[in-house]
Amino acid sequence: QVQLVESGGGLVQDGGSLRLSCAASGIIFSIDVMGWYRQGPGKQRELVADITSGGITNYADSVKGRFTISRDNAKNTVSLQMNSLKPEDTAVYYCNADGRTITRTTFRSWGPGTQVTVSS
């Protein structure tokens, strides 16, 4: 019913930058929270950052000061600007959205993921 598609992953050197983008489509009435999660090799999926429709942001301690999340409510998109990347940021990054469909049912959707690899 609601689909998310990520873009922007890739290979970057230690200290480099990448920008991830995610677009939501489908029978969307509203999206309350959009966010980014990641899962590194042998690790559990963890929250990287999220943002409410009102612009309130939340970041994992490990990315504060380096990553910036933003969204366009009109376009149902969310972006993650990642600066000063470190090898430990290597992971598959997943876009997430929580909201309501046009029938007012709640949804929680995930994108398929995009690989980010930071080489040392």
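This report walks through the strands, the disulfide, the nonpolar core and two loop residues of a predicted model.

**The open sheet**

Let us start with a sheet of 4 strands, which is open and has the order 1-3-8-7 with antiparallel pairing. Its edges are strand 1 (2-7) and strand 7 (67-72), each of which pairs on one side only. From one strand to the next, the twist averages 15°. Inside this order, strand 3 (residues 18-26) and strand 8 (residues 77-82) are joined by 6 bridges in the antiparallel sense. One example to look up in the structure is Leu18, whose bridge partner in strand 8 is Met82.

**Strand 11 and its partners**

Strand 11 covers residues 114-119, with Thr114 among them. Strand 2 (residues 10-13) runs parallel to strand 11 and is joined to it by 4 bridges; here Val12 has Val118 as its bridge partner. Strand 9 (residues 91-101) pairs with strand 11 as well, in the antiparallel sense and over 3 bridges. In that pairing, Ala91 is matched with Val116.

The side chains of strand 11 alternate in a way that is easy to follow by eye. Thr114, Val116 and Val118 point to one face and are buried, whereas Gln115, Thr117 and Ser119 point to the other face and are not buried. Such alternation between the two faces of the sheet is what a regular strand shows in general.

Thr114 deserves a closer look. Why does Thr114 count as buried? Its relative accessible area is 13%, and the cut-off for buried is under 20%, so Thr114 falls on the buried side. Its contacts beyond four places in sequence are Glu6, Gly9, Leu20, Ala91, Val92 and Tyr93. With Gly9 there is also a polar approach: a polar atom of the Thr114 side chain lies 3.3 Å from the backbone nitrogen of Gly9.

**The disulfide**

How many disulfides does the model hold? The count comes to 1. The link is formed by Cys22 and Cys95, with sulfur atoms 2.0 Å apart. Cys22 sits in strand 3 and Cys95 in strand 9, so to speak of distant parts of the chain is fair: the two are 73 residues apart. The link of Cys22 and Cys95 is left-handed, with -85° about the S-S bond. Both ends are buried: Cys22 has a relative accessible area of 2%, and Cys95 has 0% relative accessibility.

**The nonpolar core**

The largest nonpolar core has 30 residues, and those with the most contacts inside it are Trp36, Leu80, Met82 and Tyr93. Two of these names have appeared above: Met82 as the bridge partner of Leu18, and Tyr93 as a contact of Thr114. Two or more residues come from each of strand 1, strand 3, strand 4 (28-39), strand 5 (46-52), strand 7, strand 8, strand 9 and strand 11.

**Two loop residues with positive phi**

Finally, two residues other than glycine have a positive phi: Ser84 and Arg104. The table sets them side by side.

| Residue | Phi | Loop | Relative accessibility |
|---|---|---|---|
| Ser84 | near 50° | between strand 8 and strand 9 | 41%, partly exposed |
| Arg104 | near 70° | between strand 9 and strand 10 (106-110) | 45%, partly exposed |

Definitions and conventions: Residues are numbered from 1 along each chain as its sequence is written. This is a predicted model: local features need pLDDT of at least 70, side-chain atom pairs count only at pLDDT 80 or more; totals for chains, interfaces and linings use all residues. Side-chain values use heavy atoms; hydrogens and water are left out. Two strands pair if DSSP finds at least two bridges between them. Axes are lines fitted to C-alpha atoms, for helices over the stretch in contact, and angles run from 0 to 180 degrees between N-to-C directions. Buried means under 20% relative accessible area, exposed over 50%, partly exposed in between (1.4 Å probe, protein chains only). A polar contact is a pair of N or O atoms within 3.5 Å; within protein, one must be able to donate a hydrogen and the other to accept it, and residues adjacent in sequence count only if both atoms are side-chain atoms. Contact means heavy atoms within 4.5 Å. A disulfide is a pair of cysteine sulfur atoms within 2.5 Å. A nonpolar core is a set of buried Ala, Val, Leu, Ile, Met, Phe, Trp, Tyr and Cys residues joined through side-chain atoms within 4.5 Å.
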